[in-house]
Amino acid sequence: MSASAVAVRRELVAANRILGHEGILDAYGHVSVRDPATPGHFLLCRARSPEYVQLSDVLEFDAAGGLVGDPDAIPYIERFIHAGVYEARPDVTAVCHNHALSVLPFSISRSVRLRATINASRMFGDGVPVWDIAEEFGDGTDMLVRDMDHGRSLARALRAGAVALMRGHGSVVVGDSLRQVVYRCLDMDRGARAQLAVMTLGATRSFTDAELAPHPGLPAGATSDDRAWEYLLHRAGLEGR
Amino acid sequence: MTTIASELVAANRILGHEGILDAYGHVSARSSGSGSGDGAFLLSRARAPLLVEEADLLEFAPDGEPLADSGRPLYLERYIHAAIYAARPDVGAVCHAHTASILPFSVSLTPLRAVIHSARFIGTGVPVWDLAREFPGEQSPLVRTLVYGRPLAAALGDGAIVLLRGHGCVVVGRHLQEVVARCVAMDRNARVQETAHRLGEYTALHAGECEDPRDPGPPIAKDNREWEYFRRRAGL
């Protein structure tokens, strides 16, 4: 295995442990990254709680969510979330599916959409899309994303965005790197909590249209001062990785 | 230590660690496993679940009395467990909890119902049992005898959860791992439902998305990552 193949796997393990430690993922949920060695393929751990995964748990999957090699490994049932998003979104390099408690009320609310409230949640814009599995697949499913049809349907709901909610289930968060996905997950959680608190407090100072307009993010290189990653590694007990 | 006894110690500590049980509440397991007609069960002596050790476990007869008198204080409400094991041969484990998130639903006329997929077992509405209405004049909400335990078990019916008005809940399952998973999912579901309710209208799980209590699906796989996760968090 090349040095870069090892490096991306190490970063994936770190992302798993950080998201587990920060409470975005618990016993369930998962995070993946495109396999730099094989176009269309992605890396995802075997079915294990993210906070406890190790380098040896990393598996390779093909573009249809099929496990490559290691026939004895038990994969996550919902790996088709990742396959569906990678297929639809060439710009996406990493994907996280989570059940973060703070966003779940917004996934079932018909009155309030998850939307930008604070700087961290500007990616929500004027409303995060909610994918409801019952709309396309009926009201008798177990709500899990069990095949490519489910995964593609979810990816369509995500459109070009960074976050989509899944009704009564959780969310999918995407980005152009593992680190961006980790930061976006934490920002999503902060944004959802802030919005709830803001609603409790009453009248608000809303974002302007200019602030909500799609924006390209920081220029390349601006994140070379990656103090957030160092901080998160430290909190998760991963210093020196 | 038998498998059931060691799992019961783990279930006590996990439910304590996850905040489902505090100083009070208790979890038990049918001595002979689920599906047997034997109503004997294992339950700790009166002790906070987070602190329970193997030596605290006692075996109780189907009438809720200990098989041997240890001279140690017992949970007053052990008859909850006795009555349910008698009424429900399919049940292998029972938890009685006062979890803060579900208490409002035990008092409110808004029913607790499944709103997240991990709580599919909750179904489209949870029964609320009201001891004071069943036994007019009774001042204590505690299930202190089988006379109180039996109507509670009847209110549970063939379901997985029943609320006790102003008091708590009872959650049952085929085995301890299922009961622990259900208790944690119940807590999350109640928090999500309460928040969504404050936001306005919300969509609960459709009836077809909920678990059929008569056909709950395959038992938990041997690769139960949730159990491993909870064990590690509880320091086991």
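1. A quick term before we start: two strands pair if DSSP finds at least two bridges between them. With that in hand, take β5(B) and β6 (residues 161-164) of chain B, which pair in the parallel sense over two bridges. Within this pairing, B:Val128 has B:Leu163 of β6(B) opposite it. Please keep in mind throughout that this is a predicted model.

2. Stepping back to the whole sheet of chain B, there are seven strands in an open sheet with mixed pairing, ordered β3-β2-β1-β4-β7-β6-β5. Its edge strands, β3 (57-60) and β5 (128-129) of chain B, each pair on one side only.

3. Two helices of chain B deserve a look here. Helix α1 (residues 3-17) of chain B packs on the sheet and touches β1 (26-30), β2 (41-44), β3 and β4 (93-97) of chain B, with its direction at about 160° to that of β1(B). Helix α6 (residues 176-199) of chain B also packs on the sheet, touching β1, β4, β6 and β7 (168-173) of chain B, and its direction makes about 140° with that of β7(B).

4. Now to chain A, where eight strands make an open sheet of mixed pairing in the order β4-β3-β2-β1-β5-β8-β7-β6. β4 (67-68) and β6 (130-131) of chain A are at the edges with a single partner strand each, so one side of each has no neighbour in the sheet.

5. For a closer view of chain A, follow β2 (residues 42-45) and β3 (residues 58-61), which run antiparallel and are joined by four bridges. A:Phe42 has A:Phe61 in β3(A) as its bridge partner. On this sheet packs α6(A), touching β1 (30-34), β5 (94-98), β7 (163-166) and β8 (170-175) of chain A, with its direction at about 140° to that of β8(A).

6. How many residues does each chain bring to the contact? Chain A gives 35 residues and chain B gives 27 residues. The area buried between the two chains is about 2,900 Å², and carbon and sulfur atoms give 57% of it. A:Tyr52, A:Ile108 and A:Arg110 supply 21% of the area that chain A buries against chain B, more than any other three residues.

7. On the polar side, the count between chain A and chain B is four salt bridges. In one salt bridge, A:Asp26 meets B:Arg188, with the closest N and O atoms 3.5 Å apart. There are also 13 residue pairs in polar contact between the chains, both residues at pLDDT 80 or more.

8. Finally, the elements giving two or more residues to the side of chain A that touches chain B are α3 (104-108), α4 (133-137) and α6 (178-201) of chain A. α3(A) gives the most, with four residues. The residues of that side divide into 19 nonpolar, nine polar and seven charged.

Methods
Residues are numbered from 1 along each chain as its sequence is written. Chains are lettered from A and ligands numbered from 1 in the order in which they are written. This is a predicted model: local features need pLDDT of at least 70, side-chain atom pairs count only at pLDDT 80 or more; totals for chains, interfaces and linings use all residues. Side-chain values use heavy atoms; hydrogens and water are left out. Contact means heavy atoms within 4.5 Å. Axes are lines fitted to C-alpha atoms, for helices over the stretch in contact, and angles run from 0 to 180 degrees between N-to-C directions. Buried area is the accessible area (1.4 Å probe) that two parts lose on being put together, summed over both. A salt bridge is a side-chain nitrogen of Lys or Arg within 4 Å of a carboxyl oxygen of Asp or Glu. A polar contact is a pair of N or O atoms within 3.5 Å; within protein, one must be able to donate a hydrogen and the other to accept it, and residues adjacent in sequence count only if both atoms are side-chain atoms. Ala, Val, Leu, Ile, Met, Phe, Trp, Tyr, Cys and Pro count as nonpolar, Asp, Glu, Lys and Arg as charged, and the others, Gly among them, as polar.
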